[in-house]
Amino acid sequence: MPPPPVFPEGMGPPDGGYGWVVAAAYALNNIIIIPIIQNFGLVFRDLFSQLDIGGTDTAIIMNLNNAFGLALGLFNGPILRRFSYRKVALCGSLLVFVGVVLTSFARSFAEFIIAYGIIMSAGYNLTMASFAYAINMYFTTRRSMAMGFAMTVTGLGPVFMPLLISLAMKEYGARATALLLGALSLHSAVGALLLHPVRWHLVKTADKDDEKKTKSQELVDMAPTVALEPLEENSEGEAAEQKGMNGQANAGKVAPKAKQEDEDGDEDADTRAPMLGHRRHSVASHRSGVAVLSRTTSTEPGNGPNGPSLWASMASIHSDALSGSVMALNVEPLEDQRDQHKLNNGHKAEARNGSTKAVDKDDVTKAKAAAPAWRRWLRAVAEFFDLDLLRDPVYVNIMLGLSFAVFAEINFSLLTPFILGDRHFDTQEIATLVSMIAVADIIFRFLAPFIKKLFKQPVRVMYMIGLSLLIATRTVLIFCYSYESLIGVMVALGVAKGLRTVYWVLVIPDYVPIERLPSANGLQSVTNGLIFMALGPFVGVIRDKLGDYNYVIMAINSLTALTICMWSTEIGVTAMRRRRRALQDDVDVEKKAVKS
């Protein structure tokens, strides 16, 4: 993962300005490159029949393109650390161009594998990673707005590209159309050249900081200050008398520091994840004044006589530019608070002479150093890729379910031209039907957040609703052969796809702690690649052995249904265990009440 950017003191990214040019470059790349990959089957469907490339070979070519790029995802961080995002984007766009041009001249299965499955896949992976990194470098508070603009423009590509391809196919044929697409892919290189280094466009942050402080002070002035008055008026003697109750005293000491950090933050407060402990807290700058008041006068567990408040131990905020608009806050307990807490609980000797935990830590360090080299290497790999995530069965269940669903959806999208071609539709009709899917997809991507607000269901439940709609519409597709009936099916597919696409990218962030999200996404990419490599050929085998794409649709639906079954079972079991624990807690409380 590329390190957070380091800017000169008093300088920062523009959060707009030239950043909008970068967002436009990102959209330009996506609106060309993504539809080229999605419409591979539309271009080469007839050519594969002439070259006697069967369904199995076709499935291997298309799935290798996805799998190879996903497998390279783990190396994006080191590559972007070593080279600038501008260089990586330019290199990737040129690889896409070379891959598309070589694909237009390919005449055998092996040549398609090398040109489309490897070269083009590598270029696509590099361009997507570098453009995403660049847009995150230029934006901070407006990052969601910039990404929303870019992704909205991106959605127009699948609408118009199939129609353009059908016109080119009619005039020039498959190979000349592929060459035309190769020329269009060079627009990605133009976009890459627009990715100026962010240091060229840094702006002074003093004005922004003054504005934040002014807004923060206004909120502080509006908030009640009665709770803070005793802290300001306490003399040293009064503070000494209250030494045992260190919650209020410690809150008074740390409040200025917490206030300053609140002014620097820009995310929502007190977000918690259900796995592996709580999410680390992040704070919103526009609420900083009120946040400080509420935290310094809090009566939460850990505050007051039981120990120092968690809010009083905030230390630093780090942004991870490549992983999206994510701001993680590292919680580092202050030594003086920890020592004070030990003294108040009668642990003076331990505080003065060192604790046995430090000795145990030294023993663990020595044991690790004495371990065999291969074990140390494996431990380093596990820590680097955060493989400890795989110890959580719920995360593993989510990851595998997502991989099966993504495999099913992408394969169905890539095979749609072949499915419609088997029903004797020409290229123009296929392009029109595919464009209908894209139009409905864009509309319901926009409506998806409002639908979630209406149903008030968790992200994963909404994603499963989208998957259920996909299964239903694909099943109806099996029985539809006329053009008129397929129009309604295609619109329904677009609706289901729009709902699925929005919630797809939110499933893992909704569960995994925010500081472990990059590692979780990396593991998800690798798992996707392995699933594509393992199951991809079977899609073609089903078509070749049974002679009908309807059986392929059934197999794809089975994988999607498997995801729904896995997640439903896990959600049900978790709910039962939670209910059982609640009942057991009630019984324990009653027993204690009877004994007392």
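**Charge patches, salt bridges and buried positions in a predicted chain**

A negative patch on the surface is formed by D585, D586, D588 and E590. E590 has its place in helix 26. With a relative accessible area of 52%, E590 is exposed. The model described here is predicted. A patch of positive charge also appears on the surface, where R577, R578, R579, R580 and R581 gather. One of these residues, R579, lies in helix 26, which covers residues 549-595.

The overall make-up of the chain is as follows. The chain holds 26 helices and four strands. It has 596 residues, and 45% of them count as buried. About 29900 Å² of the chain is exposed. Carbon and sulfur atoms supply 63% of that area. Contacts over long stretches of sequence were also counted. Among contacts between residues at least 6 apart in sequence, 82% join residues at least 24 apart.

Salt bridges were examined next. Side chains of opposite charge can pair when their charged atoms come close. The count of salt bridges comes to six. Three of the pairs are described here, including the one between R543 and D422. In this pair, the closest N and O atoms are 3.2 Å apart. R543 belongs to helix 25 (residues 517-546) and D422 to helix 20 (residues 393-422), so the salt bridge ties together parts that are 121 residues apart in sequence. D422 is partly exposed, at a relative accessible area of 35%.

The surroundings of D422 include a second residue distant in sequence. With neighbours within four places in sequence left aside, D422 is in contact with R543 and Y549. Y549 stands 127 residues from D422 along the chain. The C-alpha atoms of D422 and Y549 are nevertheless separated by 7.8 Å.

A second salt bridge joins R445 and D441. Its closest N and O atoms are 3.0 Å apart. Both residues sit in helix 21 (residues 427-455). They are four residues apart there, so about one helical turn separates them. The two partners differ in exposure. R445 is partly exposed, with a relative accessible area of 30%, whereas D441 is buried, with a value of 5%.

A third salt bridge is formed by the side chains of E570 and R460, at 2.6 Å from N to O. This pair links distant parts of the chain. E570 is in helix 26, and R460 is in helix 22 (residues 459-478). The two are 110 residues apart. E570 counts as buried, because its relative accessibility is 13% and the cut-off for buried is under 20%. R460 also counts as buried, at 13% relative accessibility.

Two further buried positions, T58 and L195, were then considered. T58 lies in helix 3, which spans residues 55-71. Its relative accessible area is 4%, so T58 is buried. Apart from neighbours within four places in sequence, T58 is in contact with F48, I53 and F418.

L195 is placed in a loop. The loop runs between helix 10 (187-193) and strand 2 (203-204). L195 counts as buried, with 0% relative accessibility. Leaving aside neighbours within four places in sequence, the contacts of L195 are V22, A25, Y85, R86, A89, F131 and A134. L195 can also be compared in position with S130. These residues are 65 apart along the chain, and their C-alpha atoms are separated by 9.4 Å.

A nonpolar patch was also found on the surface. It is formed by V21, V190 and L194. Together these three residues have about 190 Å² of accessible area. V21 lies in helix 1 (residues 19-38). V21 is partly exposed, with a relative accessible area of 31%. That value passes the limit for patch members, because a patch takes residues with over 30% relative accessible area.

Technical notes:
Residues numbered from 1 in each chain as written. Predicted model: local features only at pLDDT ≥ 70, side-chain atom pairs only at ≥ 80, totals over all residues. Heavy atoms only, no water. Patch = residues over 30% accessible without salt bridge, like charges linked within 9 Å, V, L, I, M, F, W, Y side chains within 5 Å. Areas by Shrake-Rupley, 256 points an atom, 1.4 Å probe, with all protein chains shown as cover. Salt bridge = Lys/Arg side-chain N within 4 Å of Asp/Glu carboxyl O. Lys, Arg positive; Asp, Glu negative; His and termini not counted. Charge placed at Lys NZ, Arg CZ, Asp CG, Glu CD. Buried < 20%, exposed > 50% of the residue type's maximum accessible area, 1.4 Å probe, protein only. Contact = heavy atoms within 4.5 Å.
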